[in-house]
Amino acid sequence: MINVEIIGNKTIIELKVRPANLFFKTILFIIAAIPLFIILAILFSEGKIESPFGFFLGFIFLGGISFFLFRLFLWNSYGKETYIITNNEFTAVNDYKWFKDNKRAVSNYSKMELFYAYADNTSKLFELYETNHINKEEELVIIFLIDEVPYISVVKQNKKDIEYLFKTEIGKIRPIIITIPTEFNY
């Protein structure tokens, strides 16, 4: 799902992840919690910890696994990518609801182009208005090409979302976002 908001000279584009089904999220949450329960069970066991260094390494390893799986759970439940575009700055942030990461910012760019591509082949780019060749089942990604450097979204879109994006205010912002068909290999 795409949400576009324009406030003054700032354009905010949010690409929301379609939430996973309840069964998958429940299984993922349980698997993410198991390493934490193992750590707590060792801490509260009656015996003395024989190797504090080994416990520390186990704590780091199991905590890392649990953190990764919990982050995956949050992404599949609440994840969204937020793009903030102004006249001289482009910012992209992955939002997990409880924390944000992977902030990418580009200042003073000279050229920005907005395209979409098939998720399995991002080398061939299409303009937003070229949607008549897309099947409803195909997954698409949005690509910002800033000074010939691609910024590819990780959130998959469908034909309906791309058509919505073209019909919003983004299609009218030709001075900031210029769409020129090109084939890009990186």
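This passage describes the fold, the sheet and the cores of a predicted model.

The chain has 186 residues, and 40% of them count as buried. Its secondary structure comes to three helices and nine strands. Along the sequence, these elements follow the pattern β-β-α-α-β-β-β-β-β-β-β-α. The pattern thus opens with two strands and closes with a helix. Among contacts with a separation of 6 or more, 57% link residues 24 or more positions apart. The exposed surface of the chain is about 11,300 Å². Carbon and sulfur atoms supply 61% of that surface.

Four of the strands form an open sheet. Their order is E7-E6-E8-E9, and the pairing is antiparallel. Strand E7 (121–126) lies at one edge and strand E9 (149–152) at the other. Each of these edge strands pairs on one side only. From one strand to the next, the twist averages 40°. Strand E8 spans residues 140–146 and pairs with E9 in the antiparallel sense over four bridges. Within this part of the sheet, isoleucine 143 has isoleucine 152 in E9 as its bridge partner. Helix H3 (residues 159–167) lies across strand E6 (112–118) and E8. The helix runs at about 40° to E8.

The largest nonpolar core holds 33 residues. Ile13, Phe90, Ile142, Phe144 and Ile146 touch the most other members. A second, separate core has six residues, including Phe115, Ala117, Val141 and Leu145. Strand E8 covers residues 140–146, and members of both cores fall in that range: Ile142, Phe144 and Ile146 belong to the largest core, whereas Val141 and Leu145 belong to the second. Isoleucine 146 has contacts beyond its sequence neighbours within four places. Its partners there are Phe90, Val106, Tyr109, Lys111, Met112 and Tyr151. One of them, Phe90, is also among the core residues that touch the most other members.

Strand E4 (residues 89–95) contains asparagine 94. Is this asparagine buried or exposed? Asparagine 94 has a relative accessible area of 7%. Buried means under 20%, so asparagine 94 counts as buried. Residues up to four places away in sequence aside, asparagine 94 touches Trp75, Lys80, Glu81, Phe99, Lys100, Asp101 and Asn102. These contacts include residues that precede strand E4 in sequence, such as Trp75, Lys80 and Glu81. They also include residues that follow the strand, among them Phe99 and Asn102.

Conventions:
Residues are numbered from 1 along each chain as its sequence is written. This is a predicted model: local features need pLDDT of at least 70, side-chain atom pairs count only at pLDDT 80 or more; totals for chains, interfaces and linings use all residues. Side-chain values use heavy atoms; hydrogens and water are left out. A nonpolar core is a set of buried Ala, Val, Leu, Ile, Met, Phe, Trp, Tyr and Cys residues joined through side-chain atoms within 4.5 Å. Buried means under 20% relative accessible area, exposed over 50%, partly exposed in between (1.4 Å probe, protein chains only). Contact means heavy atoms within 4.5 Å. Two strands pair if DSSP finds at least two bridges between them. Axes are lines fitted to C-alpha atoms, for helices over the stretch in contact, and angles run from 0 to 180 degrees between N-to-C directions. Accessible areas come from the Shrake-Rupley method with a 1.4 Å probe; for residues, only the protein chains shown count as cover.
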